[in-house]
Amino acid sequence: MASFKKNHTGDSTKRRSGGKSSPGSERRDRFGGGQTNARGSGRRGNGAPTSLTGVPVEVGQAVELEIIGLTHEGEGVGRVAGYTLFVRGALPGDRVRAEVVSIGKSFGRARLAELLSPSADRISASCEIYDACGGCQLQHWSYEAQLRWKRQLVADNLARIGKLPVAGLAASGEPEGRPAIIVHPAIGMEEPWRYRNKAQIPIGYDRAGGLVGGFFEQGTHDIVDMDACLIQQEQNEETSRIVKGIARSLGYSAYDRETGRGLLRHVVVRHAEATGERMVVLVTNGRDLPRADELVALIRDGVPGVRSICQNVNVERSPVIFGDETRVLWGEDVIYDDIGDIRFAISARSFFQVNPVQTERLYSSAVAYAALTGEETVIDAYCGIGTITLFLARHARRVYGVEIVPEAIADARRNAALNGIRNAEFEVGDAGVVMPRWQAAGVSPDVIVVDPPRKGCDPVLLETMLQLRPERIVYVSCNPSTLARDLRVLEDGGYRTVEVQPVDMFPHTVHVECLILMVRNEM
């Protein structure tokens, strides 16, 4: 039996201001608006009930649980007398003792106190700060188990939210005879470590008042100082360590979220694996950067391969990392990296996939799903800096990319020119507005590719896609739940989901990327 000394908090929060995959805004407690004060229930000083009528557990109660599943946020799922409890740090197959920390009508949360019997897939986490840092959630699970769960997570979302027939699962009321959707095993990495080519490091103070930079401790705004991160490329570790030391030596102050004072908010570093080039971006609370010349000289002298040193100005009282103004302190405004045989110019605020090995596999699969012969017209909505667009352009007659961020379209046009690609056209704007305009000008897409943010496709875009009626839709998703919702809309509009390929872009985290092929039903 193993006791857990660290506090595995019952409240689940995303990392703030520097989260790897989101702006990092604090997520509200999932029980926040759903609790009622049942007659006779006790309450804590903060107003949260300690008991509820009909709920078989109370806050503070010790319970023993068999963990039977995992939530999409990586919390173990167990039941007591039919009542569901989520337990951070617990894994399917574990038997645990836990303390109930919060309750609601449908489910509650418990703190893992003791591991009574471990899952066969439980392993020791390799990272020394794993229990404190919120960057990874699954390092204590074997990689094979992670891949199996990610595939199952996608399949379950399609069936439960999308009401779609998945091979091996219930058909959820779909018409008999309709082919079931094939969800392939997740494509993993041979070496699932050291894959991230970008680090976003929030800056703060430790309890002694020293400048630190790392990641937010789970459930808090306290920064865990980080000099080593096993999912970061070693070049990023080295760069961030050097830049933090330089900031300390120059006497820079850290930004205080509460007061809005202080200079340095984040250090963002990028490493281009193909070229070896590195970029350093200091995100500051104001344009004034004391001792900027010394800063540049020290970074140039200390960081191997540095080609770009930038300052981004963000004065907003917001958890969003970047502000609108970026200026080059030294060197170029971009570094260059390759995906396959295509080179990309990457600026400070560019969206560029952080796992180059898996990105090439993802985009190659997208091209295969598009089934291009060289004669097709393709529209790439949410095209960003043209990453997928340029892959498609090598195999299509004409490709159109649309993106609402002007800087991204400028980068996309630059990247097309950089690679000598002349059959790609890019336009700034909302895809739901721009695509009908293209249609009116005679553009009739054979294939539409979408790669939306976590919130999924805009409803107007979905309706526009149904109006354009391409033969195929290739959907790249980073969120299985919004994916399932959108697929349901497209299926109701005359399309059929054929197959899904999960790709593990972020090993040891709960995130999974998916590639989906849809075909138009013949009317």
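At 27% relative accessibility, Arg194 counts as partly exposed. In this predicted model, Arg194 also stands out for its backbone: its phi is positive, about 55°, even though the residue is not a glycine. As a rule, most residues other than glycine have a negative phi. Arg194 sits in the loop that runs between β8 (182-183) and β9 (198-205).

His508 makes a pair with it in one respect, being another non-glycine residue with a positive phi, here about 75°. The loop in question is the one between β23 (495-503) and β24 (513-520). Is His508 buried or exposed? With a relative accessible area of 3%, His508 falls under the 20% cut-off and therefore counts as buried. Arg194, by contrast, is at 27% and so lands in the partly exposed class, which lies between 20% and 50%.

Turning to the nonpolar interior, the largest core takes in 86 residues, and the members that touch the most other members are Ile299 and Leu392. Helix α4 (residues 356-370) is the top contributor to this core, giving six residues. Leaving aside residues up to four places away in sequence, Leu392 touches Val367, Ala370, Leu372, Val378, Val399 and Val449. Two of these partners, Val367 and Ala370, fall within the residue range of helix α4. There is also a second core, separate from the first and made up of 45 residues, with Ala145, Ile379, Val434 and Val512 among them.

The packing is not free of gaps. How many cavities of 30 Å³ or more turn up in a search of the whole structure? The search comes back with three. The largest has a volume of about 90 Å³, and its lining is made of 13 residues. Those lying nearest its centre are Cys127, Cys133, Cys136, Gln139 and Cys229. By residue type, the lining of this largest cavity splits into 10 nonpolar, two polar and one charged.

The second largest cavity comes in at about 50 Å³. Its lining consists of Asn197, Arg270, His271, Ala272, Ile335, Asp337, Ile346 and Phe352. Two strands, β12 (264-271) and β16 (334-339), each supply at least two of these lining residues. Arg270 and His271 fall within the range of β12, while Ile335 and Asp337 fall within that of β16. The make-up of this lining is four nonpolar residues, two polar and two charged. Asn197, one of the lining residues, comes just before the start of β9 (198-205), at the end of the loop that holds Arg194.

Conventions:
Residues numbered from 1 in each chain as written. Predicted model: local features only at pLDDT ≥ 70, side-chain atom pairs only at ≥ 80, totals over all residues. Heavy atoms only, no water. 1 Å grid on protein atoms, 1.4 Å probe; cavity = no way out; pocket = protein on both sides within 12 Å on 5 of 7 lines; lining within 4 Å. Points joined across faces, edges and corners; volume = space filled by probe spheres on them. Nonpolar A, V, L, I, M, F, W, Y, C, P; charged D, E, K, R; others polar. Helix = DSSP H or I, 4+ residues; strand = E, 2+ residues; numbered from the N terminus. Core = buried A, V, L, I, M, F, W, Y, C linked by side-chain atoms within 4.5 Å. Buried < 20%, exposed > 50% of the residue type's maximum accessible area, 1.4 Å probe, protein only. Contact = heavy atoms within 4.5 Å.
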